[in-house]
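Hi,

Here is the structure I said I would pass on. Have a look at it first, and then read on for what turned up.

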Amino acid sequence: MLLTEFPDIHWLKKAIQQNFSEKRSWDNKPLPNLGWPTAILNVKTSQAERTDIKGPFSLFLNLSGTSEVTCDHKSIRLNTDTYLLSNHGQHYDLLINEQQTTETFNIHFGEKLYQDTIHALTNSNEQLLDEPSPYVIEFNQSIRTHFRGTQFNTLIEKVQASYQNEEKESSLFDLLSYILKENNKHLREADNLSSVRLSTKAELLKRIYLSVDFIHAYYCKPITLEQLAEVAMLSKFHFLRVFKSIFRISPHQYIKQIRLQKAIALIKKDQLPLYLVAQQVGIENGSSLSRMMYQLTGQRPSTFTEN
């Protein structure tokens, strides 16, 4: 269901506690299954406080403005460049308190859709998930920001365009499949730290992901290795070694990739002059951006311009 306002929180918590046993939605429409239904909250507001909600596997993002999402005792501020995933059965808080309007596009993937998607993926030859089981309810992923790349944004646009027609299930399946595939890559990041104890591995990942959140928030500004190490609460060269072990690239290379993704999105969507794109992504001039784009993709900026 597509909601343009947040449902009454007391009704919602009661429905969650009862596993939606009445099979009725917030607007009293019938639901086909028990458990969380698939719900998109495309809400425009400058004020919202949604606390201690036990959600399904959920995606939080904003089409405009900012919001703050808290999961697992970690609060993350989301802008239009990032998104956040919460695990199945995890409690979350959502706070919007802005001078300007924020437009959310938060997707709670219904339990039936979630299970059916994982079942389809694990029984195909794509081998997108490590586990052979047809249903893996918990990923135990770290709460962190993810940068919205071109492919992700394209999938979101397809969901927006199709949700009121017969393509909605297909577009949601494609989006969830992409998210699970990407999540599988992130789970393998931890395996790159195979030489440490599990408790140490978890702590190192937590600290490195703090630096990743920082990059996603401030990629358009100069970022030093010293800053990132301080955010991660590690010494400079310890941070560098661990970051490279996890991502197989340096922090500087990671920042370049993020800037490139944002630059391509701006070129494709807004048709901005190259020097303005460079300014917005933290690159000194259009020539440097063009050179970096060619080095990393083998293509010139004009390739990404939509006709």
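Let's start with helix α5, which covers residues 198-218. Before you read anything into it, note that this is a predicted model. With 21 residues at 1.5 Å a residue, α5 should span 30 Å, and its end C-alpha atoms are indeed 30 Å apart, so the expected span and the one in the model agree.

Which residues of α5 are buried? The list is K201, L204, L205, I208, Y209, S211, V212, D213, I215 and H216. Since buried means under 20% relative accessible area, R207 in the same helix misses the cut-off: at 22% R207 is partly exposed.

R207 also has a partner. Its side chain meets that of E203 in a salt bridge, at 2.9 Å from N to O. Both residues lie in α5, four residues apart, about one turn of the helix. E203 is partly exposed as well, with a relative accessible area of 35%. Some background helps here: an α-helix has 3.6 residues a turn, so residues three or four places apart point the same way.

How many salt bridges are there in the whole structure? The search finds seven, and two others are worth a look.

One joins K112 to D116, with the closest N and O atoms 2.6 Å apart. This pair sits in helix α2 (residues 111-122), and because K112 and D116 are four residues apart there, about one helical turn separates them. Both ends are partly exposed: K112 has 43% relative accessibility, and D116 has a relative accessible area of 38%.

The other links K29 and D27, whose closest N and O atoms are 4.0 Å apart. That distance only just counts, because the cut-off for a salt bridge is within 4 Å. K29 is exposed, at 52% relative accessible area, while D27 is partly exposed, at 39%.

Last, the cysteines. How many disulfides does the model have? The count comes to zero. As for individual cysteines, C71 counts as buried, because its relative accessibility is 1%. C220, on the other hand, has 33% relative accessibility and so counts as partly exposed.

If you want a place to begin in the viewer, go to α5 and find R207 and E203, the pair that meets in a salt bridge there. After that, try K112 and D116 in α2.

Cheers

Conventions:
Residues numbered from 1 in each chain as written. Predicted model: local features only at pLDDT ≥ 70, side-chain atom pairs only at ≥ 80, totals over all residues. Heavy atoms only, no water. Disulfide = S-S within 2.5 Å. Buried < 20%, exposed > 50% of the residue type's maximum accessible area, 1.4 Å probe, protein only. Helix = DSSP H or I, 4+ residues; strand = E, 2+ residues; numbered from the N terminus. Expected span 1.5 Å × (residues − 1).
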